[in-house]
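Me: I'm new to looking at protein models, and I'd like to take a close look at the pockets of this one. Could you walk me through it?

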Amino acid sequence: MLSLRIALRYLFAKKTHAAVNVISWISVAVVAVASAAIVVVLSVFNGFTDLAVDHLSVLDPPLKVYPSSGKVIGDADSLAAVIGRTAGVDAVMPVIEERGLLVSGTHQQPVVFLGVEDDFTVLSGIDSALVDGVASFMTTDGRDCMSLSVGVAVATGLRASSVGQAALYVPRRLGKIQPSNPATAFRGDSLVVSSVFQVNQPEYDNEFVIIPIGAARRLLDYDAEATAMNVYVSSKADAGKVADILRSLLGSGYEVKDRIGQQEKSFRMIAIEKWITFMMLAFILLVASFNIISTLSMLVLEKRDNLDTLRCLGAPRQMVSRIFVWQGWLISFIGALIGLVLGVGLTLAQQYGGFIRLNADPSSLTVAVYPVRLAFADLLVLVVVAAFIGLLTSRVTAYFIRNQLK
């Protein structure tokens, strides 16, 4: 590899004109900074994704089973028994999710209500998200209770108390409707407000209400139906493996989703933002890499006498051209390697040291430092992109160098 050895010598040897050396290392530095920025930015997006997953874990179970077609699971208790016998499953809970209208005095608020069983408070850990009251779905005198999200509580003026009642209405599914009395088109139930929660997720905090599953079934004229099954995985089991087992066991009639899958739209937007940002930074890296061409052009002028000597010794034009192709590869590789090490170092320092903090009142924040997480897949993507850009740059470089050697 004579061309590579000469390229290494040209890169590190002292040049006649100091400006050529400076410009060469500026090209390396620009590629390094762009590469480090890609690592850091992708790690920040990973951190915010993890933060969103942590917030979702309060209400979303580790796994959730939905019917593949239709909206309702007919015999939820039988399905719960089948799922409950699966290895790694700690508990199973049928739930009902539907839209309704919450009415309190003169206030009317469209809501999404979730019907759950009594042990939801233990399985979900909703106690950690309460801002008012106690998570309970039945009063001491047997009345049904509900837990409101903070957005619904503010919109309706309700708060947790034994007298804070509100009526929940849904369109009637069964029975006849009297056109002369529009109220017969709806079924309603009155519930006591037992608590108010906040999980810092707009889709939950703005319009969510949690009620007993018995009340939800009465409103919707259900017997043993459910719209989904919450599956809680034991601490020693891997949720991904349990999900694979359930998919194989339940067949094509049901879909099994993890927490990210349950909030697919939200996480899709995060992923889109992440990779659009990556494409922008990759374009900056590409532009920075094309500075190598001008650097190599100056190096050709610097080494013109050496090149003439090589040609006189019998070196073909292709070999001389490969010297500068290797030179371009080396500048790209060294810059990308430095950037990779720098980006990984900064990310790990933030991930474990948290030296960059958010500028706001710590009491109003759920996290005090910028969340980051280093992912091997992101580093692999950067290596592939840097290799592709290096290849593209070397091809363009070879074209221009051959023209200058004629």
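Me: How do the residues of the lining of the second largest pocket divide into nonpolar, polar and charged?

Reply: Happy to help! Please keep in mind that this is a predicted model. The lining of the second largest pocket divides into nine nonpolar residues, one polar residue and no charged ones.

Let's see who they are. The lining is made of W329, S332, F333, A336, L337, L340, L382, V383, A386 and A387. Two elements give two or more residues to this lining: α12, which runs over 317–353, and α13, which covers 376–405. Of these, α12 gives the most, with six residues. The space inside the second largest pocket comes to about 200 Å³.

You may wonder how anyone finds such a space. Rolling a probe the size of a water molecule over the atoms shows where empty space is left.

Now set this beside the largest pocket, which holds about 740 Å³ of space. Its lining has 24 residues, and the closest to the pocket's centre are K64, Y66, E97, Q262 and Q263. By type, the lining of the largest pocket has eight nonpolar, six polar and ten charged residues. So many charged residues here, and no charged ones in the second largest pocket: that is a nice pair of lists to lay side by side. Several elements each supply at least two residues to the lining of the largest pocket, including the strands β1 (63–67), β2 (89–104) and β3 (107–116). The helices α6 (202–205), α9 (259–262) and α10 (264–302) do so too.

Pockets are open space, so let's also visit a filled part. The largest nonpolar core has 41 residues, and those that touch the most other members are I83, L102, M146, L148, I211 and M229. Helix α7 (residues 213–220) provides the largest share of this core, five residues. Apart from it lies another core, of 20 residues, with V116, F137, F197 and V199 among them.

Take I211 as an example: leaving out residues up to four places away in sequence, I211 touches F113, L114, G115, V116, F137, C145, M146, L168, L191, A216 and L219.

Finally, here is the whole chain. It has 13 helices and ten strands, and 46% of its 406 residues count as buried. Among contacts with a separation of 6 or more, 79% are between residues 24 or more positions apart. The chain exposes about 20500 Å², with carbon and sulfur atoms supplying 61% of it.

Terms used:
Residues numbered from 1 in each chain as written. Predicted model: local features only at pLDDT ≥ 70, side-chain atom pairs only at ≥ 80, totals over all residues. Heavy atoms only, no water. Core = buried A, V, L, I, M, F, W, Y, C linked by side-chain atoms within 4.5 Å. Buried < 20%, exposed > 50% of the residue type's maximum accessible area, 1.4 Å probe, protein only. Helix = DSSP H or I, 4+ residues; strand = E, 2+ residues; numbered from the N terminus. Contact = heavy atoms within 4.5 Å. 1 Å grid on protein atoms, 1.4 Å probe; cavity = no way out; pocket = protein on both sides within 12 Å on 5 of 7 lines; lining within 4 Å. Points joined across faces, edges and corners; volume = space filled by probe spheres on them. Nonpolar A, V, L, I, M, F, W, Y, C, P; charged D, E, K, R; others polar. Areas by Shrake-Rupley, 256 points an atom, 1.4 Å probe, with all protein chains shown as cover.
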